[in-house]
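Visitor: I am new to this structure and should be grateful for a close look at one part of it. Please then place that part within the rest of the chain.

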Amino acid sequence: MFPILAFLLLPSILAKTSPPVDHLPPKGHLLVSKSILNKVVVQNADVVVKYSLYNVGAGVALDVNLSDLEFSTESSDFTLVAGDPRFKLPAMIGGSNFSHTIVVRPRKAGNLNFTAARISYRTGEKSEFQIAESSIPAEVEVKFATDHFRRLSSHFGEWCGFSAVTFSFLLVSKYNWLQ
Ligand SMILES: *[C@@H]1O[C@H](CO)[C@@H](O)[C@H](O)[C@H]1NC(C)=O
Ligand SMILES: *[C@@H]1O[C@H](CO)[C@@H](O)[C@H](O)[C@H]1NC(C)=O
Ligand SMILES: *[C@@H]1O[C@H](CO)[C@@H](O)[C@H](O)[C@H]1NC(C)=O
């Protein structure tokens, strides 16, 4: 009984869920991610920020304009080192992707939440502008430059000590061998 009922109901369910048949042109739809490529983020040291844009729509996205205020204002907690946190693309066809990287340096240490970049674009030739926001990277800890480099130099010290021991051992062996 149940399978027959389901079979009878199926067409009406499909009719309800399928979109109305019309001839609207396909639209562009952008998804944008903002990510940090560094494993460790240190105060006053380079951080690589990557913006990835995906047009997951079937149509073209036009007049794409990305602007990241986090790195492009005077009061920013970052110094811009390379690249532009504002860029434009005339068009992105459906299914295409694009990425753009910039380099910044955090001015302060401490825990930090990044903010989203803003994107505007048109979803088709005759469409209005659409506003979107990028995803944001997870909260990061910006390490104090002094702590970070002290730790690095302590490793350097260990390494030098190890080399000195190894080297003196070699010298002793050589000396013994010469005798
Ligand atoms: C791009 O976006 C920014 C911020 O949303 C805006 O200030 C700027 O005028 C836009 N540029 C164009 C050409 O639309
Ligand atoms: C981006 O597009 C290129 C082709 O232009 C493709 O090879 C690549 O896999 C795409 N990347 C992603 C993450 O979709
Ligand atoms: C960052 O955001 C998370 C989640 O919203 C919050 O719990 C945390 O306190 C924030 N950290 C800072 C430094 O603002």
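Does Val142 count as buried or exposed, and why?

Guide: The model under discussion is a predicted one. In it, Val142 counts as buried because 23 C-beta neighbours lie inside 10 Å; the threshold for a buried residue is 20 or more. Val142 belongs to strand 11, which covers residues 140–143.

Which residues, then, does Val142 meet, once its neighbours within four places in sequence are left aside? Its contacts are with Val41, Val42 and Gln43, with Pro106, and with Lys108, Ala109, Gly110 and Leu112. The pair formed with Pro106 may be described further: these two residues are 36 residues apart along the chain, and their C-alpha atoms are separated by 7.5 Å. Pairs of this kind can be set against the figures for the whole chain. Among contacts between residues at least 6 apart in sequence, 71% join residues at least 24 apart. As for burial, 16% of the 179 residues of the protein chain count as buried.

The wider setting is as follows. The protein chain has 2 helices and 11 strands. Read from the N terminus, the order of elements begins with a helix, continues through the strands and ends with a helix.

One sheet involves a strand that reaches Pro106, the residue already named. Strand 7 spans residues 97–106, and this strand pairs with strand 3 in the antiparallel sense over 8 bridges. One of the residues concerned is Tyr54, whose bridge partner in strand 7 is Asn97. Both strands belong to an open sheet of 4 strands in the order 1-3-7-5, with antiparallel pairing. Strand 1 and strand 5 (78–82) are the edge strands of that sheet, and each pairs on one side only. Direction ignored, neighbouring strands in this sheet are turned by 30° against each other on average.

A further open sheet is formed by 4 strands in the order 6-4-9-10, and here too the pairing is antiparallel. Strand 6 and strand 10 stand at its edges with a single partner strand each, so one side of each has no neighbour in the sheet. From one strand to the next, the twist averages 20°.

The pairings within this sheet can be followed strand by strand. Strand 6, residues 86–92, is joined to strand 4 by 6 bridges, and Ala61 has Met92 as its bridge partner in strand 6. Strand 4 is in turn joined to strand 9 by 4 bridges. Along that pairing, Asn65 has Ser120 as its bridge partner, Leu66 stands opposite Ile119, and Ser67 stands opposite Arg118. Strand 9 is also joined to strand 10 (residues 129–133), by 5 bridges, and a hairpin of 6 residues links the two. Ile119 has Ala132 as its bridge partner in strand 10.

The two faces of strand 9 deserve separate attention. Ile119 and Tyr121 make up its covered face, whereas Arg118, Ser120 and Arg122 make up the uncovered one.

The residues of the covered face appear again in the largest nonpolar core, which has 12 residues, including Ile119 and Tyr121 from strand 9 as well as Leu30, Leu53, Leu66 and Met92. Strand 1 (30–36), strand 3 (47–55), strand 4 and strand 9 each supply at least two residues of this core. Its largest share, 3 residues, comes from strand 4. In soluble globular proteins, nonpolar side chains tend to be buried together. Met92, a member of this core, is in contact with Gly28, Leu53, Asn55, Val60, Ala61, Val64 and Phe98, leaving aside its neighbours within four places in sequence. Apart from this core lies another, of 6 residues, among them Val49, Phe71, Phe78 and Ile102.

On the uncovered face of strand 9 are Arg118 and Ser120, and both of these residues take part in the surroundings of ligand 1, together with Asn65 and Ser67. Strand 4 (61–67) and strand 9 (118–122) each contribute at least two residues to this shell. The shell contains 3 polar residues, 1 charged residue and no nonpolar residues.

To return to the request, Val142 is a buried residue of strand 11, and its contacts include Val41, Pro106 and Leu112.

Definitions and conventions: Residues are numbered from 1 along each chain as its sequence is written. Chains are lettered from A and ligands numbered from 1 in the order in which they are written. This is a predicted model: local features need pLDDT of at least 70, side-chain atom pairs count only at pLDDT 80 or more; totals for chains, interfaces and linings use all residues. Two residues are in contact if their C-beta atoms, placed from the backbone, lie within 7 Å. A residue is near a molecule or strand if its C-beta atom, placed from the backbone, lies within 6 Å of it. Ala, Val, Leu, Ile, Met, Phe, Trp, Tyr, Cys and Pro count as nonpolar, Asp, Glu, Lys and Arg as charged, and the others, Gly among them, as polar. A nonpolar core is a set of buried Ala, Val, Leu, Ile, Met, Phe, Trp, Tyr and Cys residues joined through C-beta atoms within 7 Å. Two strands pair if DSSP finds at least two bridges between them. Axes are lines fitted to C-alpha atoms, for helices over the stretch in contact, and angles run from 0 to 180 degrees between N-to-C directions.
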